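User: Please take a close look at the empty space inside this model. I would like to know what encloses it and how the lining is connected to the parts around it.

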Amino acid sequence: MKKIVSIFNLRICLVFFCTGTLLASCTKKYDEINTDRNSIATIGAAELPFLFAKAEQASVPSIWTYQVAQNLFADQYAQYFACTATYFPSDRNVIRMDWVGAAFNPIYTDMVPQLQSIFTAADPTSPEYAIANIIWVNGFHKVTDYWGPIPYSQAGIPGNSVPYDAQDKIYDDFFKRLTASVTTLKSNASATPYGSYDIIYGGNVSKWIKFANTLRLRLAIRISKVDPARAKTEAEAAVADGVMTASPDDDALIKKSTTGDDNNGLSIMSDWNEFRMSAAMESVMTGYQDPRISVYWLPDGATKANPAGNGKYDGLRNGLTSTQLTQSQNSATSNAKVGKRWSSPDFGGNSDYLSTPQNIMCAAEAYFLRAEGVLLGWNMGGGTAQDYYNAGIANSMKQWGITDAAAITAYTNSGNVPIAPNDFLNSPPVSDAPIKFAADQATQLKQIAIQKWLALFPDGYEAWADYRRARTFILYPVANSDNPDITNTTTQWIRRIPFLDAEKLSNKAGVDAAVNLLGPGGDKVTTPLWWDKN
């Protein structure tokens, strides 16, 4: 880790610093003299775009929080990447509390104050208010899906103790906010809220409607095992209102820049040589002969002088010890590295890699959600599960620049299956599911899960959440666990992040009550969240 991230806990309040002035003692200009110069400035329409841009930026991991918020946790637990640096214990199931706070604190210190200021200043029936609500849900659903109960309904309200809300109550509010937002946006179709200050869609209302509905569909699938009736209602309403359908036009990406400490977080850490392709990714993508492999990854040993490397894509099992890393078929740091768009020219990457837009959501995901919805008996728009499955694959290919229709069709109809990664652990293939849509539902669910996992890359947040929720496609057991709560890596896995130590110190009453909301498992990594019924 090349930059130390200072993680701190703060009872949230919005503070404005104002400059005081010296007041004359005369009685002239009485009104001016008796005006409180320390009062909070009024926030009006002119300030809202700046607040919104900051909130958008803060709703996802930033340049210096990406590693300790996402890459060392969700990205590894989704088995997109494996660590090559043994000083990172997270790959062996140990949670560093002083790191993972980066997935918690910025939401409360950087996102919430901006959005609450917008909620106070904007007309509740305005598109600006609606899109702010969508960003609220997009930011907070990542937090609750890490921890479960979190400070939510009173987030941003000053106090000595901030209560945690139960996850089912939080999800209920998510659905209400998204529903209201879409209703508002549909009645303001010609508006361009925030204009160019909207660094995702540039104020395009129709795209925000699709984004909100796709997010609603995502969350509906998430609760499909714990509350199937509510899930069906929310999912069908989302599809009826219009979800993402076309990549890359509908895809949500947040702009990044080489100025102002606003680089792509995955790109900035790619040259640190602390993570590589996982064995699960190798097994699936190599076995499927997946054309996305050369987009997602650089070959083993790729350099500026030799960007083709040795032409192979070798991954690593998650949880290897330092001794095991040296026993790998290659030096661990010579294995497949994250692709050109996130890597520097020194490793055969792109010259503009630091400003690569950050992935938020893609149209392919919407199709895979709809495919699963059909298998659940929901009305997903009239297509079959196979229709949506094939469309999901096609849209994911197009998202990454693979547009040859014949090649996409050949892939979709292929009987290829994952292969053994041929590593020193003699790992078997991670799955036996072929690409071509199967006849039986059990295999169909597995296929949908695998293709969604591939399509979500590199969004480990969503991939890990969906993996815990579905468990139809089973990843490799972690090779070694240093966490005493996980003694059998075949039957136990990381299911949540424990409450932060800093929160236990500064918000003890809130955390103590939250532990009771978790149920009998208590505040452990093995305790399932409300929607996790596996």
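Analyst: Helices and strands here are DSSP runs numbered from the N terminus, with at least four residues for a helix and at least two for a strand. The model is predicted.

Rolling a probe the size of a water molecule over the atoms shows where empty space is left. Over the whole structure, the search gives 7 cavities of 30 Å³ or more. Start with the second largest cavity, which holds about 90 Å³. Its lining consists of Ala 449, Trp 453, Leu 456, Ala 463, Asp 466, Tyr 467, Ala 470, Arg 471, Thr 472 and Phe 473. Two elements, α18 and α19, each give two or more residues to this lining. The largest share, 4 residues, comes from α19. By class the lining has 7 nonpolar residues, 1 polar and 2 charged.

Helix α18 covers residues 441-456, and its end C-alpha atoms are 22 Å apart; this agrees with the expected span, because 16 residues at 1.5 Å a residue should also give 22 Å. The helix is mostly covered, with 12 of its 16 residues buried. Ala 449, Trp 453 and Leu 456 are among the buried residues of α18, and these three also line the second largest cavity. Other buried positions of the helix include Thr 443, Gln 444, Gln 447 and Lys 452. The buried residues of α18 pack against α12 (279-287), α13 (293-296), α15 (363-375), α16 (385-399), α17 (405-412) and α19.

From α19 the path leads on to an open space. The second largest pocket contains about 270 Å³. It is lined by 19 residues, and those closest to its centre are Gln 79, Tyr 467, Tyr 476, Val 478 and Trp 493. Tyr 467 therefore belongs to two linings, that of this pocket and that of the second largest cavity, although a cavity is closed to the probe and a pocket is open. At least two residues of the pocket lining come from each of α4 (74-77) and α19 (460-470). By class, the pocket lining has 10 nonpolar, 7 polar and 2 charged residues.

The largest cavity has a volume of about 130 Å³. Its lining is made of 15 residues, with Tyr 66, Gln 70, Gln 358, Asn 359 and Asp 459 nearest the centre. Both α3 (66-71) and β8 supply two or more residues to the lining, and β8 contributes the most, with 3. The lining divides into 9 nonpolar, 4 polar and 2 charged residues.

Gln 358 ties the largest cavity to a loop. Besides lying among the residues nearest the centre of that cavity, Gln 358 is touched by Lys 256, whose other contacts include Pro 61, Leu 354 and Pro 357. Lys 256 sits between β4 (252-254) and α11 (265-270). It counts as buried because its relative accessibility is 9%, under the 20% cut-off. The side chains of Lys 256 and Asp 262 form a polar contact of 3.3 Å.

The loop that leads from β7 (337-338) to β8 (358-361) holds Ser 343. Ser 343 is buried, since its relative accessibility is 0%. Its side chain makes a polar contact of 2.9 Å with the side chain of Lys 337, and also reaches the backbone oxygen of Val 338 at 2.7 Å.

Terms used: Residues numbered from 1 in each chain as written. Predicted model: local features only at pLDDT ≥ 70, side-chain atom pairs only at ≥ 80, totals over all residues. Heavy atoms only, no water. Buried < 20%, exposed > 50% of the residue type's maximum accessible area, 1.4 Å probe, protein only. Polar contact = N/O pair within 3.5 Å; in protein donor to acceptor, adjacent residues only side chain to side chain. Contact = heavy atoms within 4.5 Å. 1 Å grid on protein atoms, 1.4 Å probe; cavity = no way out; pocket = protein on both sides within 12 Å on 5 of 7 lines; lining within 4 Å. Points joined across faces, edges and corners; volume = space filled by probe spheres on them. Nonpolar A, V, L, I, M, F, W, Y, C, P; charged D, E, K, R; others polar. Expected span 1.5 Å × (residues − 1). Lists of a residue's contacts leave out its neighbours within four places in sequence.
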